[in-house]
Amino acid sequence: MPGDKSISHRALILGALAVGETRISGLLEGEDVLNTAKAMQALGARVERIGEGSWRVNGVGVGGFAAPKDAIDCGNSGTACRLVMGAVGGCPIDATFDGDASLRKRPMKRILDPLELVGARTVETAEGGRLPLRLAGARDPIPIIYRTPVPSAQIKSAVLLAGLNAPGETTVIESEASRDHTERMLGHFGAEVRTAPEGVHGRRITLKGQPELAPAPVMVPADPSSAAFPMAAALIVPGSDVILPDVMTNPLRTGFVTTLMEMGARIEKLNLRDEGEEMTDFRVRASALNGVDVPAHRAPSMIDEYPVLAVLAAFAEGTTVMHGLKELRVKESDRLAATADMLRGNGVSVEVEGDDLIVHGRGRAPGGGVVATHMDHRIAMSALVMGLAAEKPVGVDDTAFIATSFPGFVATMRNLGAAIA
Ligand code: S3P
């Protein structure tokens with residue numbers, strides 16, 4: 001299984017902000033993360049690959065970024081763009097950010113708004129605050145208290161990374177807790193971070209500014225959002241019995257597995273352990289699945305897994321309702337529409353009602369369609385997984401974007417017996 005994308009981005013960024021040499025093992029060498037590596041180099045850090053998944057970063061220290069000569073090209077990656085914008089927003093430098101056609105459509109105002117409160121200035125943007133945009137980082141960054149308008153680890157992380165170079169305490173309040181890799185890793189690099197509950201599902205995170213970040217080794221566990229694809233395939237291809245090793249089980253990332261258990265999936269966690277992040281070896285066997293109701297408050301802990309869950313819902317018996325998927329509309333594609341189209345085009349009965357996705361499972365999928373992936377890796381992988389168990393093969397119009405998060409996807413699936421031509 002490939003390394004976790006979220007942790008890989010953060011290891012490179014915090015390595016670049018530490019003084020001295022950080023060693024990273026198991027780094028995801030997908031295009032998204034490689035864009036973050038290039039961004040860190042452009043901002044003055046030394047970033048070197050020393051072996052497969054093994055990287056060395058020599059950082060410049062908090063506030064030490066140099067102005068990049070060229071625009072920072074974030075490719076397809078929202079995480080690269082938003083986290084690096086956050087880190088730059090707290091430094092006295094100007095930088096231009098750009099990305100591919102998918103990223104140019106995605107909202108950036110959600111990052112620019114809090115960065116302006118920190119003291120950064122948006123010099124110019126495309127219409128609607130979108131890429132390409134030029135950001136002037138804060139000369140004297142201000143520590144802020146910020147309530148995120150939507151549950152998003154990217155917004156939270158951008159604010160915390162900008163707050164690193166501010167004196168005093170920066171606080172982010174979220175009404176639904178999002179993945180906490182940034183705050184965990186800041187602690188790992190020696191920053192003082194406090195986390196407290198906020199309401200029923202939320203958190204309040206406080207960072208003491210201007211720490212001296214000390215290099216710390218990072219071992220990247222396998223990505224649960226990538227493991228979701230072979231896991232889903234194993235559940236719907238008759239006779240499957242698959243072990244997925246070293247997968248991260250951070251509780252803020254495990255909504256998908258929780259949902260699968262409720263659907264009746266035969267999943268076991270072998271060798272549960274904690275190596276900075278909780279991890280396990282999953283054993284997954286082909287299972288008879290039932291439709292379920294997925295509550296909206298679970299969305300942040302499985303936000304990237306809805307397309308493949310929707311595929312599983314087609315193979316389940318009964319209706320699955322996934323509530324509160326508004327944020328899916330602003331991912332690499334409008335994932336709510338793309339997921340519904342993927343299923344519909346393959347003979348599955350599906351409805352979108354407001355922000356809810358409703359799939360009427362019949363224990364099977366006719367297949368036979370060609371899915372439009374809209375530059376979205378997770379739509380491409382979900383469609384291919386559907387094809388493994390559908391009655392007729394499923395096609396995709398483009399597999400290129402799979403390399404953003406899971407470069408070995410086709411090889412791994414073939415290894416498990418999948419016929420992908
Ligand atoms: C990510 C956060 C999520 C997720 C993305 C990775 C991160 O986005 O969809 O794939 O690493 O922080 P949002 O924070 O915008 O929900």
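Which residues are around the ligand? The legends below address this point and further local features of a predicted model.

**Figure 1. Residues around the ligand in the predicted model.** The ligand is surrounded by Ser6, Arg10, Thr79, Ser152, Ala153, Gln154, Arg179, Ile303, Asp304 and Lys331. By residue class, this shell comprises 2 nonpolar, 4 polar and 4 charged residues. The space that the ligand takes is the largest pocket. Two or more residues of the shell come from helix H1 (5–17) and likewise from helix H5 (153–163).

**Figure 2. Polar contacts of Arg10, Ala153 and Gln154 with oxygen atoms of the ligand.** Arg10 contributes a polar side-chain atom, placed 2.6 Å from an oxygen atom of the ligand. Ala153 contributes a backbone N or O atom, at 2.8 Å from a ligand oxygen atom. For Gln154, a backbone N or O atom is likewise found 2.9 Å from an oxygen atom of the ligand. The ligand taken alone exposes 380 Å², of which the protein buries 96%.

**Figure 3. The aromatic pair of Phe229 and Phe409.** The structure contains 2 aromatic pairs, and one of them is formed by Phe229 and Phe409. A pair of aromatic rings is described by the distance of the centres and the angle of the planes. The ring centres of Phe229 and Phe409 are 6.3 Å apart and their planes stand at 85°; the pair is therefore edge-to-face. Phe229 belongs to helix H7 (residues 224–236) and Phe409 to helix H12 (residues 409–415), so that the pair links distant parts of the chain, 180 residues apart.

**Figure 4. The cis peptide bond from Leu131 to Pro132.** Most peptide bonds are trans. The bond that joins Leu131 to Pro132 is cis, with an omega near -5°. Pro132 is located in strand E7 (residues 130–136).

**Figure 5. The positive phi of Gln210.** Most residues other than glycine have a negative phi. Gln210, a residue other than glycine, has a positive phi, near 50°. Gln210 lies in the loop between strand E11 (202–208) and strand E12 (218–219).

Technical notes: Residues numbered from 1 in each chain as written. Predicted model: local features only at pLDDT ≥ 70, side-chain atom pairs only at ≥ 80, totals over all residues. Heavy atoms only, no water. Near = heavy atom within 4 Å. Polar contact = N/O pair within 3.5 Å; in protein donor to acceptor, adjacent residues only side chain to side chain. Areas by Shrake-Rupley, 256 points an atom, 1.4 Å probe, with all protein chains shown as cover. 1 Å grid on protein atoms, 1.4 Å probe; cavity = no way out; pocket = protein on both sides within 12 Å on 5 of 7 lines; lining within 4 Å. Sits in = over half its atoms within 2 Å of the grid points. Helix = DSSP H or I, 4+ residues; strand = E, 2+ residues; numbered from the N terminus. Nonpolar A, V, L, I, M, F, W, Y, C, P; charged D, E, K, R; others polar. Phe/Tyr/Trp six-rings, centres within 6.5 Å; stacked < 30°, edge-to-face > 60°.
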